[in-house]
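Me: Hi! Could you walk me through this one before my tutorial?
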Amino acid sequence: MAVRAVRGAVQLERDEAGHMDEQVSELLTAILERNALTADDLISIWFTATPDLHSDFPAAAARGLGIVDVPLICAQELDIEGAMPRVVRVLAHIESDKPRADVVHVYLGAAGALRKDIAQ
(Lines give C-alpha, C1' and ligand atoms only; values in the text may rest on other atoms or scores of the structure.)
Protein backbone atom coordinates (compact mmCIF):
# COMPACT_ATOMS: atom_id res chain seq x y z
CA MET A 1 0.00 0.00 0.00
CA ALA A 2 1.43 3.37 -1.03
CA VAL A 3 1.02 6.79 0.54
CA ARG A 4 -0.60 9.24 -1.86
CA ALA A 5 -1.73 12.87 -1.62
CA VAL A 6 -5.08 14.19 -2.79
CA ARG A 7 -5.62 17.91 -3.38
CA GLY A 8 -8.85 19.84 -3.41
CA ALA A 9 -10.39 23.26 -2.91
CA VAL A 10 -13.67 25.11 -2.78
CA GLN A 11 -14.49 28.81 -2.90
CA LEU A 12 -17.08 29.91 -0.36
CA GLU A 13 -19.76 32.44 -1.26
CA ARG A 14 -19.61 34.02 2.20
CA ASP A 15 -17.76 33.69 5.50
CA GLU A 16 -20.37 31.98 7.69
CA ALA A 17 -19.74 28.90 9.82
CA GLY A 18 -22.74 26.94 8.49
CA HIS A 19 -21.84 27.69 4.90
CA MET A 20 -18.21 26.71 5.47
CA ASP A 21 -19.29 23.44 7.07
CA GLU A 22 -21.60 22.66 4.15
CA GLN A 23 -19.05 23.47 1.45
CA VAL A 24 -16.08 21.74 3.11
CA SER A 25 -18.25 18.68 3.81
CA GLU A 26 -19.20 18.58 0.13
CA LEU A 27 -15.53 18.84 -0.86
CA LEU A 28 -14.41 16.06 1.50
CA THR A 29 -17.28 13.80 0.45
CA ALA A 30 -16.37 14.32 -3.22
CA ILE A 31 -12.70 13.54 -2.52
CA LEU A 32 -13.63 10.32 -0.75
CA GLU A 33 -16.22 9.21 -3.33
CA ARG A 34 -14.19 10.03 -6.45
CA ASN A 35 -11.21 8.14 -5.08
CA ALA A 36 -13.23 5.22 -3.61
CA LEU A 37 -11.87 6.00 -0.13
CA THR A 38 -13.18 5.51 3.38
CA ALA A 39 -12.08 7.25 6.56
CA ASP A 40 -9.83 4.23 7.26
CA ASP A 41 -7.77 5.13 4.16
CA LEU A 42 -6.98 8.61 5.49
CA ILE A 43 -3.62 9.24 7.15
CA SER A 44 -3.98 12.99 7.79
CA ILE A 45 -5.60 16.09 6.32
CA TRP A 46 -4.21 19.61 6.04
CA PHE A 47 -6.71 22.42 5.57
CA THR A 48 -5.81 25.96 4.61
CA ALA A 49 -8.08 28.97 4.41
CA THR A 50 -7.53 32.36 2.85
CA PRO A 51 -7.03 35.22 5.37
CA ASP A 52 -10.58 36.51 4.77
CA LEU A 53 -12.17 33.40 6.35
CA HIS A 54 -12.69 33.68 10.12
CA SER A 55 -16.01 32.02 10.94
CA ASP A 56 -14.85 28.47 11.76
CA PHE A 57 -12.12 25.89 11.43
CA PRO A 58 -12.47 23.99 8.13
CA ALA A 59 -11.45 20.80 9.97
CA ALA A 60 -14.69 20.95 11.97
CA ALA A 61 -16.50 19.75 8.83
CA ALA A 62 -14.39 16.58 8.79
CA ARG A 63 -15.32 15.82 12.38
CA GLY A 64 -18.98 16.35 11.45
CA LEU A 65 -18.61 13.70 8.73
CA GLY A 66 -17.37 11.19 11.31
CA ILE A 67 -13.68 11.54 10.51
CA VAL A 68 -12.75 11.50 14.19
CA ASP A 69 -9.50 9.53 14.51
CA VAL A 70 -7.53 11.13 11.68
CA PRO A 71 -5.03 13.91 12.47
CA LEU A 72 -6.27 17.25 11.09
CA ILE A 73 -4.66 20.67 11.03
CA CYS A 74 -5.72 24.10 9.80
CA ALA A 75 -3.47 26.90 8.60
CA GLN A 76 -3.85 30.26 6.90
CA GLU A 77 -2.87 30.72 3.25
CA LEU A 78 -0.45 33.47 2.30
CA ASP A 79 -2.13 36.84 1.78
CA ILE A 80 -1.23 37.31 -1.88
CA GLU A 81 -2.61 40.32 -3.73
CA GLY A 82 -5.06 39.24 -6.43
CA ALA A 83 -5.50 35.70 -5.07
CA MET A 84 -8.95 34.12 -5.21
CA PRO A 85 -10.85 35.09 -2.03
CA ARG A 86 -12.72 32.83 0.44
CA VAL A 87 -10.97 29.57 -0.52
CA VAL A 88 -10.52 26.47 1.60
CA ARG A 89 -7.87 24.08 0.32
CA VAL A 90 -7.31 20.46 1.33
CA LEU A 91 -4.27 18.21 1.16
CA ALA A 92 -5.21 14.69 2.28
CA HIS A 93 -2.60 12.00 2.76
CA ILE A 94 -4.06 8.56 2.00
CA GLU A 95 -3.14 4.91 1.77
CA SER A 96 -4.00 3.57 -1.67
CA ASP A 97 -2.97 0.99 -4.22
CA LYS A 98 -3.81 3.47 -7.01
CA PRO A 99 -0.97 4.77 -9.13
CA ARG A 100 -0.31 8.47 -8.51
CA ALA A 101 -1.71 9.29 -11.96
CA ASP A 102 -5.09 7.76 -11.02
CA VAL A 103 -5.64 9.91 -7.93
CA VAL A 104 -8.58 12.26 -8.50
CA HIS A 105 -8.04 15.82 -7.26
CA VAL A 106 -11.27 17.72 -6.59
CA TYR A 107 -11.75 21.45 -7.17
CA LEU A 108 -15.38 22.48 -6.78
CA GLY A 109 -17.06 25.43 -8.46
CA ALA A 110 -14.91 28.48 -9.12
CA ALA A 111 -11.96 26.85 -7.33
CA GLY A 112 -11.47 24.76 -10.49
CA ALA A 113 -9.65 27.79 -11.90
CA LEU A 114 -6.91 27.38 -9.29
CA ARG A 115 -5.46 24.17 -10.73
CA LYS A 116 -6.75 23.62 -14.25
CA ASP A 117 -3.91 21.15 -14.73
CA ILE A 118 -5.26 18.70 -12.13
CA ALA A 119 -8.86 19.74 -11.43
CA GLN A 120 -11.34 17.00 -12.28
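Reply: Happy to! One term before we start: two strands pair if DSSP finds at least two bridges between them. Helices (H or I, at least four residues) and strands (E, at least two) are DSSP runs, numbered from the N terminus. This is a predicted model, where local features need pLDDT of at least 70, side-chain atom pairs count only at pLDDT 80 or more, and totals for chains, interfaces and linings use all residues. Residues are numbered from 1 along each chain as its sequence is written, and side-chain values use heavy atoms, leaving out hydrogens and water.

Me: Cool. In what order do the strands sit in the sheet?
Reply: The order is E3-E2-E4-E1-E5. These five strands make an open sheet, and the pairing is mixed.

Me: Which strands stand at the edges?
Reply: Strand E3 (72–76) and strand E5 (106–108) do. Each has a single partner strand, so one side of each has no neighbour in the sheet.

Me: How do E1 and E5 run, parallel or antiparallel?
Reply: E1, residues 2–11, runs parallel to E5, and three bridges join the two. Two spots to look at: Ala9 stands opposite Tyr107 in E5, and Gly8 stands opposite Val106 in E5.

Me: And how many bridges join E1 to E4?
Reply: Ten bridges join E1 to E4, and this pair runs antiparallel. Gly8 turns up again here, standing opposite Val90 in E4. So you can find Gly8 between Val106 of E5 and Val90 of E4. Ala2 belongs to this pairing too, opposite Ser96 in E4.

Me: What about E2 and E4, how many bridges there?
Reply: Seven bridges join E2 to E4, again in an antiparallel arrangement. In this pair Ala49 stands opposite Val88 in E4.

Me: Is E4 mostly covered or mostly open?
Reply: E4 is mostly covered, with seven of its ten residues buried. Here buried means under 20% relative accessible area, exposed means over 50%, and partly exposed is in between (1.4 Å probe, protein chains only).

Me: OK, new topic. Where is Ser44 found?
Reply: Ser44 is in strand E2. It counts as buried because its relative accessibility is 16%.

Me: Which residues does Ser44 touch?
Reply: Contact means heavy atoms within 4.5 Å. Not counting residues up to four places away in sequence, Ser44 touches Val70, Pro71, Leu91, Ala92 and His93.

Me: And Arg115, where is that one?
Reply: Arg115 is in the segment after E5. Not counting residues up to four places away in sequence, Arg115 touches Arg7 and Tyr107. You have met Tyr107 already: that E5 residue stands opposite Ala9.

Me: Why does Arg115 count as partly exposed?
Reply: Arg115 counts as partly exposed because its relative accessibility is 29%.

Me: One last thing: how many residues apart in sequence are Arg115 and Gly8?
Reply: They are 107 residues apart in sequence, yet 9.2 Å apart in space, C-alpha to C-alpha. If you want to trace that on screen, start from Gly8, opposite Val106 in E5, then follow the chain to the segment after E5, where Arg115 is found.
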